[in-house]
Amino acid sequence: MGPAIGLLLIIALIFIALAIVLSFVPLGLWISALAAGVKIGIFNLIGMRLRRVPPNNIVNPLIKAIKAGIDVGVDKLEAHYLAGGNVDRVVNALIAAQRAEIPLTFERAAAIDLAGRNVLEAVQMSVNPKVIETPVVAAVAKDGIEVKAKARVTVRANIDRLVGGAGEETIIARVGEGIVTTVGSAESHKAVLENPDLISRTVLNKGLDSGTAFEILSIDIADVDVGRNIGAQLQTDQAEADKRIAQARAEERRAMAVAKEQEMKAMVQEMRAKVVEAEADVPKALAEALRQGKLGVMDYYNMKNVMADTQMRDSISKLGQKGENADKQNKE
């Protein structure tokens, strides 16, 4: 029993050790590579494990590259993976470029991939151009009429300018600027509506693809519509603003007139107060004149009689005026 148990333990340990080795050493992947005619050492695969590089991400793209006739080394693929690139996408891009007879080296493809661009999509766009549709761009002609235009831009990826070249947003912005410039320089909106290709020709001649990652093949005006009468609206707004300014100035003058009127009323009240004050001094002056003998008693009574006679005449005249007014009202 003892030797048999020991033998079973030894066999179990051998199986465990073999399982650990096979899990660490990608033996199946090595056999697949040999079957595909790719020469790669088992120690290279073990080294990938030690460097924490998944061997599948290197060997499978390498097999595709070798089968497609692309000469690329394991070290380059592994270095690109360690730099954060997508090895499989780069190899697919190289295969697509080779089939389309587009000159593309591994270094250029790796640089494009590390720059954050989809190198496979760029190669596909070089073969099959892409159509970029701009949003509706509103521009105003010289006659003040708004024109709304939408364009379709057919572009092809420029492999040499993918690194550092501007993207689709720049193309859309430049096309929109060209539409605004072309419509704004037109004498009438009718000229733009009659010849919409004038916009595309003018915009295309500006060389809008300079400094971008694309090559513009054509610019087609998809739709042109007439918008608002901006000139008339601006004139209306200006007239409304002028009216408000005139109303504000008139209100300012009215306020000044009201203030002046109130000021004059205050001055009248002030003058009346002075008159009352002066009239209050008259009895004092008479009393002082009587005390000093400058005015006699008979003189004082004569003055009172004159004042009474004046008041009587004034009352009679007012009664006459009231009678005349009453007669006029009765006649009416």
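Which helix holds histidine 80? Good morning, everyone; let me start there. The place of histidine 80 is helix α5. Before I go on, please keep in mind that this is a predicted model.

So, is histidine 80 buried or exposed? Its relative accessibility is 4%, and histidine 80 therefore counts as buried, the cut-off being under 20%. If we set aside the neighbours within four places in sequence, histidine 80 is in contact with Gly85, Asn86, Val87, Val90, Phe106, Ala110, Asp113 and Leu114.

Let's stay on α5 a moment longer, for glutamate 78 lies in that helix as well. Here the relative accessibility is 6%, so glutamate 78 is another residue that counts as buried. Which residues does glutamate 78 touch, not counting those up to four places away in sequence? They are Met48, Arg51, Val53 and Ile58.

Now let me step back to the whole chain. There are 332 residues, and buried ones make up 27% of them. The secondary structure comes to 13 helices and four strands. Taking the contacts between residues at least 6 apart in sequence, 68% join residues at least 24 apart.

Next, helix α6, please. α6 covers residues 87-99. How does the span of its 13 residues agree with 1.5 Å a residue? We should expect 18 Å, and the end C-alpha atoms are 19 Å apart, which agrees. The buried residues in α6 are Val87, Val90, Val91, Ala93, Leu94, Ile95 and Ala97. A quick reminder for the helix fans: an α-helix has 3.6 residues a turn, so residues three or four places apart point the same way. As for partners, the buried residues of α6 pack against α4, α5 (74-82), α7 (106-114) and α8 (119-127).

Let me pick out one of those partners, α4, which runs over residues 55-67. At what angle do α4 and α6 pack? The angle is about 5 degrees, and the axes are 9 Å apart. Angles under 35 degrees count as roughly parallel, and α4 and α6 are therefore roughly parallel to each other. On the α4 side we have Asn57, Ile58, Pro61, Lys64 and Ala65, and they meet Val87, Asp88, Val91, Asn92 and Ile95 of α6. Sorted by class, this contact has six nonpolar, two polar and two charged residues. You may recognise Ile58 of α4, as glutamate 78 touches Ile58 too.

If we follow the chain out of α6, we come to the loop between α6 and α7, where glutamate 101 lies. Its phi is near 60 degrees, a positive value in a residue other than glycine. Most residues other than glycine have a negative phi. Glutamate 101 has a relative accessible area of 73%, so this residue is exposed.

One more glutamate, if you will bear with me. Glutamate 169 is placed in helix α9, residues 168-184. With a relative accessible area of 62%, glutamate 169 is exposed. Its C-alpha atom is separated by 9.8 Å from that of isoleucine 132, and the two residues are 37 residues apart along the chain.

Last stop: what feature does UniProt place at residues 261-288? The unreviewed entry there gives a "coiled-coil region". In the model, residues 261-288 are 100% helix and 0% strand. The C-alpha atoms at the two ends of this stretch are 41 Å apart.

That's my tour, thank you, and I'm happy to take your questions.

Conventions. Residues numbered from 1 in each chain as written. Predicted model: local features only at pLDDT ≥ 70, side-chain atom pairs only at ≥ 80, totals over all residues. Heavy atoms only, no water. UniProt positions renumbered as here; feature names shortened; annotations may be inferred. Axes fitted to C-alpha atoms, helices over the stretch in contact; angles between N-to-C directions. Parallel < 35°, antiparallel > 145°, perpendicular 65-115°, else oblique. Contact = heavy atoms within 4.5 Å. Nonpolar A, V, L, I, M, F, W, Y, C, P; charged D, E, K, R; others polar. Buried < 20%, exposed > 50% of the residue type's maximum accessible area, 1.4 Å probe, protein only. Expected span 1.5 Å × (residues − 1).
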